[in-house]
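Please open the model in your viewer, with the backbone drawn as a cartoon and side chains hidden for the moment. The stops below go from the backbone to the side chains.

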Amino acid sequence: VLGVFGVLCKIGNSYVADPTIEEETCGAGCIVVSVMPKGNVTAVLKKGAGSFMPDTLNEIIMVIAIVYF
């Protein structure tokens, strides 16, 4: 059973899934999350110069897990 990688970029108060290069440059940063089918998170990578509060990071992980499974 294979997992998936999901990418969310935060732009303002919204999230963009699988952002383009232009969207990534507008955002605070992107989070790449690897999620297995049962919802287990196996990897998290932050891209970009911005930072994320822990609550925002948890929200992004949950959104990716819900969207892809």
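Begin by selecting the strands of this predicted model: four of them form an open sheet, and reading across it the order is S2-S1-S3-S4, with antiparallel pairing. Colour strand S2 (14-17) and strand S4 (41-47) next, since these stand at the edges; each has a single partner strand, so one side of each is left without a neighbour in the sheet. If you look across the sheet, the neighbouring strands are turned against each other by 25° on average, with direction ignored.

Now select strand S3 (residues 29-35) together with S4, an antiparallel pair joined by six bridges. Within this pair, show valine 35, which stands opposite valine 41 in S4.

Keep the sheet visible and add helix H2 (residues 54-68), which packs on the sheet and touches strand S1 (4-11) as well as S2, S3 and S4, while its direction makes about 130° with that of S1.

With the backbone in place, turn on the side chains of Leu8, Ile31, Val33, Val35, Phe52, Ile60, Ile61, Ile64 and Ala65, the nine residues that make up the largest nonpolar core. The elements that give two or more residues to this core are S3 and H2, and H2 gives the most, with four residues.

As a last stop, centre the view on isoleucine 60: which residues is it in contact with, once its neighbours within four places in sequence are left aside? Selecting them should bring up Leu8, Tyr15, Ile31 and Phe52.

Note on methods: Residues are numbered from 1 along each chain as its sequence is written. This is a predicted model: local features need pLDDT of at least 70, side-chain atom pairs count only at pLDDT 80 or more; totals for chains, interfaces and linings use all residues. Side-chain values use heavy atoms; hydrogens and water are left out. Two strands pair if DSSP finds at least two bridges between them. Axes are lines fitted to C-alpha atoms, for helices over the stretch in contact, and angles run from 0 to 180 degrees between N-to-C directions. Contact means heavy atoms within 4.5 Å. A nonpolar core is a set of buried Ala, Val, Leu, Ile, Met, Phe, Trp, Tyr and Cys residues joined through side-chain atoms within 4.5 Å. Buried means under 20% relative accessible area, exposed over 50%, partly exposed in between (1.4 Å probe, protein chains only).
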